[in-house]
Amino acid sequence: MAIRHNTGPVRGAATPIDARPNRTWSPGRTCDHDGCTTALSIYNRSSSCSVHEEARVYIQRGKRRSKRAGNRAA
């Protein structure tokens, strides 16, 4: 099977001027775990690296239906 690359123009919308910037935390932070010297990203709100971060439960929800679609379903 041959791989085909799209060579046409790229289309997209410009980012709104009033878009809020990403929230950042202080640079130069390291993981709080004893003996860990992993540098944390300025975008990581946690005080731990991904290895020492507590596990979180992810609850997957079903697809949301619009009010219109909900009325049609029986």
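The following paragraphs lead from the overall form of this protein to the surroundings of a few of its residues.

The model is a predicted one, and its secondary structure amounts to one helix and zero strands. The radius of gyration is 22 Å, well over the 11 Å that the globule rule gives for 74 residues, so the protein is more spread out than a compact globule. Taken along the principal axes, the C-alpha trace spans about 55 × 45 × 40 Å. Of the 74 residues in the protein, 9% are buried, and among the contacts with a separation of 6 or more, the share that joins residues 24 or more positions apart is 0%.

The surface and the charges add to this overall description. The accessible surface comes to about 8,100 Å², and carbon and sulfur atoms account for 49% of that area. The protein carries 14 positive and 5 negative charges, and the mean position of the positive charges lies 24 Å from the mean position of the negative ones.

Turning to individual residues, Ser46 is placed in the segment before helix H1, which covers residues 67–72. Ser46 counts as buried because its relative accessibility is 14%, a value under the 20% limit for that class. Leaving aside residues up to four places away in sequence, Ser46 touches Arg29, Leu40 and Glu53. The side chain of Ser46 also reaches the backbone nitrogen of Ser48, at a distance of 3.0 Å.

Ser48, the partner in that polar contact, likewise lies in the segment before H1. With a relative accessibility of 18%, Ser48 counts as buried, and the neighbours that Ser48 touches, when residues up to four places away in sequence are not counted, are Cys31, Leu40 and Glu53. Leu40 and Glu53 therefore appear in the contact list of Ser46 as well as in that of Ser48. Between Ser48 and Asp32 there is a separation of 16 residues in sequence, while their C-alpha atoms are 5.6 Å apart in space.

Ala13 offers another view of the segment before H1, in which this residue also lies. Ala13 is exposed, because its relative accessible area is 77%, and the limit for that class is over 50%. Along the chain, Ala13 and Ser46 are 33 residues apart, and the distance between their C-alpha atoms is 32 Å. The segment before H1 thus holds the exposed Ala13, with its relative accessible area of 77%, together with the buried Ser46, at 14% relative accessibility, and the buried Ser48, at 18%.

How values were computed
Residues are numbered from 1 along each chain as its sequence is written. This is a predicted model: local features need pLDDT of at least 70, side-chain atom pairs count only at pLDDT 80 or more; totals for chains, interfaces and linings use all residues. Side-chain values use heavy atoms; hydrogens and water are left out. Helices (H or I, at least four residues) and strands (E, at least two) are DSSP runs, numbered from the N terminus. Buried means under 20% relative accessible area, exposed over 50%, partly exposed in between (1.4 Å probe, protein chains only). A polar contact is a pair of N or O atoms within 3.5 Å; within protein, one must be able to donate a hydrogen and the other to accept it, and residues adjacent in sequence count only if both atoms are side-chain atoms. Contact means heavy atoms within 4.5 Å. The radius of gyration is taken over C-alpha atoms; the globule rule is 2.2 Å times the number of residues to the power 0.38. Accessible areas come from the Shrake-Rupley method with a 1.4 Å probe; for residues, only the protein chains shown count as cover. Lys and Arg count as positive and Asp and Glu as negative; His and the chain ends are not counted. The place of a charge is taken as NZ of Lys, CZ of Arg, CG of Asp or CD of Glu.
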